[in-house]
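The following exercises concern strand pairing, domain contacts and charge pairing. Each task is followed by a solution worked in steps.

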Protein chains: 2
Amino acid sequence: MNCTLSFLDMYNKQIFSNKTGMMPMKRKCPLIEFKSRKGVDNKLKIVFEFDLMRHDWNNTYDPLRNDLARLQADGTNSDVVLKTPTREFKAHKLILSCRSPVFAAMFNHDTREQNENVVQIMDISDDVLEQLLAFIYTDLVPRLHEMTIDLLIVADKYDIKALKSRCESCIFDTVTIQNATELLLTADRANATKLRTNIKQFIIRRRGEFIRSNDYQELRRSHPELILEIFEQPTND
Amino acid sequence: MNCTLSFLDMYNKQIFSNKTGMMPMKRKCPLIEFKSRKGVDNKLKIVFEFDLMRHDWNNTYDPLRNDLARLQADGTNSDVVLKTPTREFKAHKLILSCRSPVFAAMFNHDTREQNENVVQIMDISDDVLEQLLAFIYTDLVPRLHEMTIDLLIVADKYDIKALKSRCESCIFDTVTIQNATELLLTADRANATKLRTNIKQFIIRRRGEFIRSNDYQELRRSHPELILEIFEQPTND
């Protein structure tokens with residue numbers, strides 16, 4: 001967060017402004033300087049302006065993330081390769097294990113992957129795997145919004161709870177009555193219980209609209225138990 | 001950042017308040033509900049309250065940091081031990097190398113440390129080493145303020161620029177005319193050029209006070225070239 005401190009005089013004229021950075025400058029208090037210079041002794045407005053720095057997942061000022069991103073990009077000391085049908089990604093067993101219980105189990109037992117230092121990955125596109133690795137090394141997922149559902153499924157597969165939760169939150173932001181049932185089925189498929197609960201709450205709050213929607217009759221036929229489950233739950237309005 | 005949204009009526013009475021979390025709740029706009037319920041059509045005050053979450057280095061909501069902190073605490077898959085006269089710290093060559101060029105050089109060559117998987121550390125106290133490792137694994141230094149100068153020297157030794165910069169900034173916050181020369185010599189010893197420059201600027205802005213201070217005569221005798229260097233530099237007031 002950056003902060004600008006300004007002093008305004010009684011006419012709202014700015015008499016001092018200072019943008020503080022990470023390392024504060026030591027200097028005489030500007031207020032005292034002003035008073036002794038101009039002799040104004042009341043009606044001084046002190047204004048703090050804050051530049052809010054969102055807790056931005058793509059914020060790059062972060063030495064640990066930078067170092068790990070570099071480690072991944074360079075592949076220095078890499079000891080395993082993730083192989084898709086079209087690409088190879090160098091990686092580090094230590095980092096993969098530390099971030100995913102599924103990788104940990106794979107590399108801590110006498111598996112083919114552990115012995116051959118190769119993990120064959122046939123069910124994840126290169127783009128999605130790239131984002132998965134970005135998250136594993138840095139907590140950042142630059143293209144999260146482009147492929148949230150794929151990432152949710154991958155996060156579930158490798159049991160990476162933090163990524164899963166991020167995807168769930170991101171998907172819930174896009175829920176409408178039109179896509180609610182589709183997303184509910186996706187949540188089911190990815191064992192995304194938090195997302196599932198939230199979508200059900202969303203639907204029940206807009207029950208009338210939901211029943212009149214295009215998908216409803218189809219869903220009623222294909223998943224009657226799901227409809228019942230939605231209707232049975234308490235509302236929290 | 002948490003945000004509370006409140007609506008107040010013309011008498012400043014709160015008629016609605018909602019604290020939004022990470023996952024926004026989808027619900028009808030409360031303003032519309034209020035208007036249709038009470039028929040008030042003007043003098044509505046909308047208040048946003050922000051809970052600022054400082055970009056806090058000790059903030060623990062951070063999956064990557066949590067996972068790496070756990071890795072360090074458990075010593076899982078540890079492949080090297082840092083040995084002081086009184087304690088042993090399990091660590092990982094990959095993480096140490098990725099964070100410090102000095103460790104990287106040590107483990108990427110045919111050194112005794114690389115072959116024996118032990119690094120003997122005789123010149124760093126257990127407490128300081130513990131904080132150094134905390135930084136290496138998580139970017140966090142919980143006890144930074146207690147041992148800033150020791151950490152600055154260690155950060156210089158292992159060439160960890162981000163930690164060094166954090167220490168420099170933290171030390172500069174404590175500069176006074178009384179301790180300025182001592183801290184300047186510390187900055188010299190730790191090759192802390194940014195801190196050095198800032199302290200010199202600080203002294204030159206308060207030149208009169210500095211010359212009258214207790215240490216001045218002593219410093220003039222022991223480090224005349226340093227005094228000249230300070231006096232020769234341009235001021236930026």
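**Exercise 1. The sheet of chain A**

In this predicted model, β4(A) and β5(A) form a hairpin with 4 residues between them. Task: establish in which order the strands of the sheet in chain A are arranged, and which strands are its edges.

Solution.

Step 1. Begin with the hairpin pair. Strand β4 (residues 80–83) of chain A is joined to β5(A) by 4 bridges, and the two strands run antiparallel. Two partners fix the register: V80(A) has A91(A) as its bridge partner in β5(A), and K83(A) has E88(A).

Step 2. Turn to the other pairing of β4(A). Here 3 bridges link β4(A) to β6(A), and these strands run parallel. Within this pairing, V118(A) in β6(A) stands opposite V81(A).

Step 3. Combine the two pairings. The result is an open sheet of 3 strands in the order β5-β4-β6 (chain A), with mixed pairing. Its edge strands are β5 (88–91) and β6 (118–120) of chain A, each of which pairs on one side only. On average, neighbouring strands of this sheet are turned by 20 degrees against each other, direction ignored.

Step 4. Place the helix. Helix α6 (residues 126–138) of chain A lies across β4 and β5 of chain A and runs at about 10 degrees to β5(A).

**Exercise 2. The sheet of chain B**

Task: determine which strand pairs of chain B run parallel and which antiparallel, and state where helix α6 of chain B lies.

Solution.

Step 1. Examine the hairpin. In chain B, 4 residues connect β4(B) to β5(B) in a hairpin. The pairing of β4(B) with β5(B) is antiparallel and extends over 4 bridges. Opposite V80(B) in this pairing stands A91(B) of β5(B).

Step 2. Examine the second pairing. Strand β4 (residues 80–83) of chain B is joined to β6(B) by 3 bridges, in the parallel sense. Two positions illustrate the register: V81(B) stands opposite V118(B) in β6(B), and L82(B) stands opposite V119(B).

Step 3. Assemble the sheet. The order of this open sheet of 3 strands is β5-β4-β6 (chain B), and the pairing is mixed. The edges are formed by β5 (88–91) and β6 (118–120) of chain B, each pairing on one side only. The average turn between neighbouring strands of this sheet is 20 degrees, direction ignored.

Step 4. Add the helix. Helix α6 (residues 126–138) of chain B lies across β4 and β5 of chain B, at about 10 degrees to β5(B).

**Exercise 3. The two domains of chain A**

Task: describe the interface of domain 1 and domain 2 of chain A by its contacts, its buried area and its polar pairs.

Solution.

Step 1. Set the bounds. Chain A is divided into domain 1 (62–159) and domain 2 (175–236). The C-alpha centres of these two domains of chain A lie 33 Å apart.

Step 2. Count the contacting residues. On the side of domain 1 of chain A there are 4 residues, in contact with 7 residues of domain 2 of chain A.

Step 3. Evaluate the area. The size of an interface is often given as the accessible area lost when the parts come together. Between domain 1 and domain 2 of chain A, about 450 Å² is buried, 73% of it on carbon and sulfur atoms.

Step 4. Search for polar and charged pairs. Across this interface of chain A the rule finds 1 residue pair in polar contact, both residues being at pLDDT 80 or more. For salt bridges across the two domains of chain A, the rule finds 0.

**Exercise 4. A charge pair**

Task: explain why the salt bridge of R99(B) and D67(A) joins two chains.

Solution.

Step 1. Start from the total. A search of the whole structure finds 36 salt bridges over all chains.

Step 2. Check the distance. The closest N and O atoms of R99(B) and D67(A) are 2.7 Å apart, and the cut-off for a salt bridge is 4 Å.

Step 3. Locate both residues. R99(B) lies in helix α3 (residues 93–99) of chain B and D67(A) in helix α2 (residues 63–74) of chain A, so the pair joins two chains.

Notes:
Residues numbered from 1 in each chain as written. Chains lettered and ligands numbered in written order. Predicted model: local features only at pLDDT ≥ 70, side-chain atom pairs only at ≥ 80, totals over all residues. Heavy atoms only, no water. Pairing = 2+ DSSP bridges. Axes fitted to C-alpha atoms, helices over the stretch in contact; angles between N-to-C directions. Contact = heavy atoms within 4.5 Å. Domains from an automatic or database assignment. Buried area = accessible area lost by both parts, 1.4 Å probe. Salt bridge = Lys/Arg side-chain N within 4 Å of Asp/Glu carboxyl O. Polar contact = N/O pair within 3.5 Å; in protein donor to acceptor, adjacent residues only side chain to side chain.
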